[in-house]
Amino acid sequence: MRELRGPSVSHDWLKALNPARGARLSDAHFLTAFKLRVGFRIVDEPMLCPECGVAILDRACTHALCCASAESTKGNNKVRDSLLQLVSLVDAAADKEVPEPTPSAPTLRPADIFTSAAVPGCQVVLDVGIVSPDATGAGPDCCEAMFQKKLRTHEPYLEELERQHIRHIPLAFSTYGRVCPEASATPTCIAQRAARRKGLVSHRGIPRRAMAGIGVQLWRSATAMTSTRLPRATPEGIIAIFGDGFDGESHVSSDEPSEVESTTASSQSENLSALNESGSDIDLGEDHPDKSMSGSGVCSDLGSAMAD
Ligand SMILES: [Zn+2]
């Protein structure tokens, strides 16, 4: 519950229903996201995670948000892109995936965003990380754990960056939308500069809308990570269970199944929709340049795979 009631959590994704007003979750993703949010049962029985083949996928699928995968990397990239939209209001030259200017560390993964918008008078490396509170090593505050991990990774190179008037700012998000103080303060700082440039009376609506967009991307990622682990229902399998009358869309087949069957068919249809949508939403070819560190995101071990 801490992840949901924290003051930094944006719940605006729940109200983002109009596609004409920015990012929103699809219907199927919204339902799965809501189930994840309240801890509702998503699978009938615990099962072996089909992604890692090691951990148990519990009924609420919390493990899905801890398991490193292509979807977690893509989620990290989507949050980065959402943040870049805000940054671009101040710094049109801001770019993503910029190699960090640290000659002594050529293997350091590129900066998520390299910009002058976040801190007046200097360039900043914005380093996005998403972490599940259930991840190994997440501790009592997963955002703080992710923040500290990123600081440790960059500590050997901070002097090198400072000599070039470059700062490194980790931005840690939990999979449920809570953020570290820096991930809350940085959008506010950027919004204040954007408002001054645009001559606005107040900047207040800007960071809220930015965090709402990031919230949508966080939940879209969580839903994709969950949906791809659900048992895949094939059309042949559905016909074998429900008969030819089940069309994959309606919840009641023509041969009028019992109430229990109807409920199961409904669930099956939802899963199919979620799978189809997640399938269209996931570009497995868009792997992070450094996938071993990518989890950018979300993985089960803060000390190893989980990182940037
Ligand atoms: Zn797994």
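Biologist: How far apart should the ends of helix 4 (residues 142–154) be, and how far apart are they?

Modeller: This is a predicted model, so we are checking the geometry of a prediction. A helix rises 1.5 Å a residue, so the 13 residues of helix 4 should span 18 Å; the C-alpha atoms at its ends are 19 Å apart, which agrees.

Biologist: Which residues of helix 4 are buried?

Modeller: They are Cys142, Cys143, Ala145, Met146, Phe147, Lys149, Lys150 and His154. The buried residues of helix 4 pack against strand 5 (123–131), helix 5 (158–163), strand 6 (166–174) and helix 6.

Biologist: Let me try the length check on another one. What span does helix 7 (residues 205–227) reach, and what should it be?

Modeller: Happy to go through it. At 1.5 Å a residue, its 23 residues should span 33 Å, and the end C-alpha atoms of helix 7 are 33 Å apart, so the two agree. Helix 3 (residues 70–87) can be read in this way too: its 18 residues reach 25 Å from first C-alpha to last, close to the 26 Å expected.

Biologist: Are helix 3 and helix 7 mostly covered or mostly open?

Modeller: In helix 7, 20 of the 23 residues are buried, so this helix is mostly covered. In helix 3, 15 of the 18 residues are buried, so the rest of the structure largely encloses it.

Biologist: How do helix 3 and helix 7 pack, and at what angle?

Modeller: For a pair of helices, look at the angle and at the distance between the axes. The axes of helix 3 and helix 7 are 9 Å apart, and the angle is about 170°. The cut-off for roughly antiparallel is over 145 degrees, so helix 3 and helix 7 are roughly antiparallel to each other. On the helix 3 side, the contact is made by Glu71, Ser72, Lys74, Gly75, Lys78, Val79, Ser82, Leu83 and Leu86. Helix 7 brings Ala210, Gly213, Ile214, Gln217, Leu218, Arg220, Ser221, Ala224 and Met225.

Biologist: And at what angle do helix 6 (residues 181–198) and helix 7 cross?

Modeller: Their axes come within 8 Å and cross at roughly 130°. That makes helix 6 oblique to helix 7. The crossing of the two is right-handed. From helix 6, the residues Pro187, Thr188, Ala191, Ala194 and Ala195 meet Ile206, Pro207, Ala210 and Met211 in helix 7. Ala210 of helix 7 is also listed in the contact with helix 3.

Biologist: Now the backbone. Which value of phi does Cys61 have?

Modeller: Check the sign of phi, and then whether the residue is a glycine. Cys61 has a positive phi of about 60° although it is not a glycine. Cys61 sits in the loop between strand 2 (56–57) and helix 3. Cys61 has 26 other C-beta atoms within 10 Å, so it counts as buried. Glu97, in strand 3 (residues 95–98), also has a positive phi, near 55°, and is not a glycine. With 14 other C-beta atoms within 10 Å, Glu97 is partly exposed.

Biologist: How do I read pairs that are apart in sequence? For instance, what separates Pro110 and Pro99 in space?

Modeller: Compare the two separations, along the chain and through space. Pro110 and Pro99 are 11 residues apart in sequence and 4.2 Å apart, C-alpha to C-alpha. Pro110 lies in the loop between strand 3 and strand 4 (111–115) and is partly exposed, with 18 other C-beta atoms within 10 Å. For Val38 and Ala60, 22 residues apart along the chain, the C-alpha atoms are separated by 9.2 Å. Val38 belongs to helix 2 (residues 27–38) and counts as exposed, having 9 C-beta neighbours inside 10 Å.

Biologist: What does the chain look like overall, in helices and strands?

Modeller: The chain comes to 10 helices and six strands. Buried residues make up 43% of its 308 residues. Of the contacts between residues at least 6 apart in sequence, 64% join residues at least 24 apart.

Biologist: Where does pLDDT stay under 50?

Modeller: It does so over residues 251–301, where the model has 115 contacts beyond four places in sequence, and over residues 303–308, with 21 such contacts. Where pLDDT is low, predicted coordinates should not be read in detail. For the chain, the mean pLDDT is 78, and 76% of residues reach 70 or more.

Key:
Residues are numbered from 1 along each chain as its sequence is written. This is a predicted model: local features need pLDDT of at least 70, side-chain atom pairs count only at pLDDT 80 or more; totals for chains, interfaces and linings use all residues. Helices (H or I, at least four residues) and strands (E, at least two) are DSSP runs, numbered from the N terminus. The expected span of a helix is 1.5 Å times one less than its number of residues. A residue is buried if 20 or more other C-beta atoms lie within 10 Å of its own, exposed if 12 or fewer, and partly exposed in between; C-beta atoms are placed from the backbone. Two residues are in contact if their C-beta atoms, placed from the backbone, lie within 7 Å. pLDDT is the predictor's confidence in each residue, from 0 to 100. Axes are lines fitted to C-alpha atoms, for helices over the stretch in contact, and angles run from 0 to 180 degrees between N-to-C directions. Angles under 35 degrees count as roughly parallel, over 145 as roughly antiparallel, 65 to 115 as roughly perpendicular and the rest as oblique. A crossing is left-handed if the near helix is turned anticlockwise from the far one by less than a right angle, and right-handed if clockwise.
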